[in-house]
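User: Hi! I'd like to go through this model with you, one question at a time.

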Amino acid sequence: MKVIEPLFLTELYEEFFVANGNVKKLNELLNRISKIKIFDPACGSGNFLIIAYKELRKLEILILKEKAKLTGKAGSGSLNFGGDYISQISLTNFYGIELDDFAHEIAQLSLWLAEHQMNVEFFKEFGQTSPTLPLKESGNIVQGNACRIDWETVCPKNPDSEIYILGNPPYLGSRRQTDIQKEDLKIVFGSDFKSLDYISAWFFKSAKFIKGIIASSAFVSTNSVSQGEQVSLTWKRILNEGIEIGFAHKDFKWSNNAKQNAGVTVAIIGLQNESQKLKYIFTEDLKITTSKISPI
Ligand SMILES: C[S@@+](CC[C@H](N)C(=O)[O-])C[C@H]1O[C@@H](n2cnc3c(N)ncnc32)[C@H](O)[C@@H]1O
């Protein structure tokens, strides 16, 4: 939630609260969330995609319940919608790249499971849902090397795309990188890559991807990307693309079930196209508003 709330969820809830009481605005919001694309370019078994999918489905349920109240379809007890109300949020709007073939297969399966779980929730609320079986298309999870694949071939940009890139890509200092990983960085950066952390490739590629479109990105990262020479080598290149830091979670201890993440200190850094919008720095218990966030 530390990633997806500031990346897109908080803004969608704000729009929902404004739309309360107004069917036209609720329909616009439903239409908006049905088109949002979520992309994790190091998706592992798909945890970030699954959380994002479930949160969008939960928001959709709230919007539909509010709409039902306004259109007189909310009776006492269970809601009666006729055949109108089914979820418009499709797994096909969820994209991932994963190097490990097994994890990539699991991500695909986990998305189907998440869809089924949310269909059950939907049914509890509305007494109807689209059936999970037979299985329809799942997320677009590609097995491959995110440093070498053109991300647009995985997650295409359409003119009206609203895309959020997220995840916790691998972080590895230069001394721990394999020859293949060093070569990956060379392919991404061309020059001055030798002392970069491996995760810099994801920040840089996401900055290039979101440039000039309705999109932003946020990654859980080693906090060393904002220390020492990483700052000038990585961030100068990113900020030169017309990209800024939209939000940041200061260093915190993080542990989850994913590989390589046992209680390490991490930061979360969100990137967006340069704008006049307020930026947010989160600490353990504070949300600080500012006009600019520096990478240091
Ligand atoms: C820290 S884990 C992320 C776990 C993921 N969030 C999950 O839910 O399972 C980093 C992932 O990046 C994958 N990875 C490492 N190098 C990669 C590369 N060059 N391209 C794509 N994926 C890569 C690893 O296999 C691993 O699954």
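User: How many nonpolar, polar and charged residues does the shell around the ligand have?

Analyst: Happy to help, and first a word on the model. It is predicted, so local features need pLDDT of at least 70 and side-chain atom pairs count only at pLDDT 80 or more, while totals for chains, interfaces and linings use all residues. Residues are numbered from 1 along each chain as its sequence is written. With Ala, Val, Leu, Ile, Met, Phe, Trp, Tyr, Cys and Pro taken as nonpolar, Asp, Glu, Lys and Arg as charged, and the others, Gly among them, as polar, the shell has 11 nonpolar, 9 polar and 4 charged residues.

User: Which residues come nearest to the ligand?

Analyst: A residue is near a molecule if its C-beta atom, placed from the backbone, lies within 6 Å of it. Two elements give two or more residues to this shell, α3 (47-70) and β2 (94-98); helices (H or I, at least four residues) and strands (E, at least two) are DSSP runs, numbered from the N terminus. Of the 24 residues around the ligand, the nearest are Ala-42, Gly-44, Asn-47, Leu-99 and Ala-146.

User: From which domains does the shell around the ligand draw at least three residues each?

Analyst: The protein chain is divided into two parts, with bounds that come from an automatic or database domain assignment. Their C-alpha centres lie 27 Å apart. At least three residues of the shell come from each of domain 1 (1-35 + 43-84 + 101-143) and domain 2 (146-296).

User: Which element gives the largest share of the side of domain 1 that touches domain 2?

Analyst: Two residues are in contact if their C-beta atoms, placed from the backbone, lie within 7 Å. The contact between the domains takes 14 residues from domain 1 and 16 residues from domain 2. On the domain 1 side, α1 (4-19), α3 and β3 (140-143) each give two or more residues. The largest share, 4 residues, comes from α1.

User: Which residues touch the most other members of the largest nonpolar core?

Analyst: Such a core is a set of buried Ala, Val, Leu, Ile, Met, Phe, Trp, Tyr and Cys residues joined through C-beta atoms within 7 Å. Here the core has 67 residues, and α3 gives the most, with 8 residues. The members that touch the most others are Leu-49 and Leu-166.

User: Is Tyr-198 buried or exposed?

Analyst: Tyr-198 sits in the loop between α6 (179-189) and α7, and beyond four places in sequence it touches Pro-170, Tyr-171, Leu-172, Gln-177, Gln-181 and Leu-185. A residue is buried if 20 or more other C-beta atoms lie within 10 Å of its own, exposed if 12 or fewer, and partly exposed in between, with C-beta atoms placed from the backbone. Because Tyr-198 has 22 other C-beta atoms within 10 Å, it is buried.

User: How many residues of helix α7 are buried?

Analyst: Helix α7 covers residues 200-210 and is mostly covered. Among its buried residues are Trp-202, Phe-203, Phe-204 and Lys-205. The count is 10 of its 11 residues.

User: What radius of gyration does the protein chain have?

Analyst: The C-alpha atoms fill a box of roughly 65 × 45 × 40 Å, taken along the principal axes. The radius is taken over C-alpha atoms, and the globule rule is 2.2 Å times the number of residues to the power 0.38. With 296 residues, a compact globule would have a value near 19 Å, which agrees with the chain's 20 Å.
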